[in-house]
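Hi there,

Here is the structure I promised to pass on to you. Have a look at it first, and then read my notes below.

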Amino acid sequence: MSKRALKRQLREGAFDAGQFEGDDKVRRLPIDRGWTPLGHSHGHGHGHSNDDREQGYLKTIKAKSPGQEQLLKAIDEKNLVMALGPAGTGKTYLAIAKAVEALESGRVGRIVLSRPAVEAGESIGFLPGDAEDKLAPYLRPLYDALSDRLSMKRVRALMAEGAIEIAPVGFMRGRTLNNAFVVIDEAQNCTYVQLKMLLTRLGWHSTMVVTGDPNQSDLLPELSGLGPVATKLEEVGNIAVVRLAERDIVRHPLVAEMLGVL
């Protein structure tokens with residue numbers, strides 16, 4: 001096995017099934033035994049190690065702060081939720097966790113995750129590859145949040161069958177998203193017009209969560225539409241605007257301290 005494959009195996013805690021595609025002799029072996037990221041080894045000859053592992057991933061989501069509790073409650077009750085707050089308050093993570101929960105319980109047919117491809121000071125043009133490759137680094141944080149809730153193998157399978165779709169905001173124009181859980185991440189990098197376009201994508205039986213930090217925009221302050229949109233939508237009864245604060249930061253305690261002085 002190449003060094004790279006070995007690294008990947010260690011990182012993802014399982015073999016990439018794609019490596020063994022088309023090789024029946026290998027594929028029949030229960031390759032998922034042994035080490036799992038959850039720490040309990042299944043080296044005892046049980047054939048159901050993979051089931052255990054999938055189960056382990058669907059941890060229940062617990063709020064770690066009053067603001068997070070408010071956000072989770074809002075997502076359960078409303079079809080459109082705006083979650084605004086500083087870095088590390090778990091906005092994206094909770095939104096994606098709720099999306100996975102809705103998909104796995106059959107309440108929605110698919111998850112659509114989207115974020116604007118605006119660089120934080122770097123240019124996208126020189127990155128190698130076609131459009132999809134260029135956008136991969138932007139969409140990476142969404143994959144990270146997903147793979148925390150599901151095994152990477154399951155994420156790949158769901159993406160292959162179209163049950164999970166990750167797309168830049170520009171690709172959303174002209175679509176109606178029915179029976180979907182939609183998460184718009186980093187919405188502070190959307191203009192007012194873009195946000196209006198996105199919010200009107202909401203179809204029947206769908207939930208949309210828009211997350212962002214109005215103070216962290218990579219656009220010129222007057223171009224970011226998140227603040228104005230949130231202020232206007234706060235007046236609407238069936239829409240929840242949840243404002244998380246520094247006390248809701250659940251990353252390393254240092255993050256809260258740094259944000260306090262920076």
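Let's start at one residue: V261 is exposed, because its relative accessible area of 70% lies over the 50% cut-off for that word. Please keep in mind that this is a predicted model.

V261 sits in helix α10, which covers residues 253-261. On the surface, V261 joins L254, M258 and L262 in a nonpolar patch. Together, these four residues offer about 470 Å² of accessible area.

Now for the whole protein. There are 10 helices and 6 strands in it. It has 262 residues, and 42% of them count as buried. The accessible surface is about 14,500 Å², with 54% of that belonging to carbon and sulfur atoms. If you take the contacts between residues at least 6 apart in sequence, 71% of them join residues at least 24 apart.

What about the inside? The largest nonpolar core has 37 residues, and the members that touch the most others are L71, V81, L113, L146, I164 and F181. Helix α5 (residues 91-104) gives this core its largest share, with 8 residues. A second core, separate from this one, has 24 residues, including M82, L84, M172 and L226.

L113 is a good residue to click on in your viewer. Leaving aside residues up to four places away in sequence, L113 touches I96, L142, L146, E165, I166, A167 and V183.

Enjoy exploring, and write back with any questions!

Best wishes

Technical notes:
Residues numbered from 1 in each chain as written. Predicted model: local features only at pLDDT ≥ 70, side-chain atom pairs only at ≥ 80, totals over all residues. Heavy atoms only, no water. Helix = DSSP H or I, 4+ residues; strand = E, 2+ residues; numbered from the N terminus. Buried < 20%, exposed > 50% of the residue type's maximum accessible area, 1.4 Å probe, protein only. Contact = heavy atoms within 4.5 Å. Areas by Shrake-Rupley, 256 points an atom, 1.4 Å probe, with all protein chains shown as cover. Patch = residues over 30% accessible without salt bridge, like charges linked within 9 Å, V, L, I, M, F, W, Y side chains within 5 Å. Salt bridge = Lys/Arg side-chain N within 4 Å of Asp/Glu carboxyl O. Core = buried A, V, L, I, M, F, W, Y, C linked by side-chain atoms within 4.5 Å.
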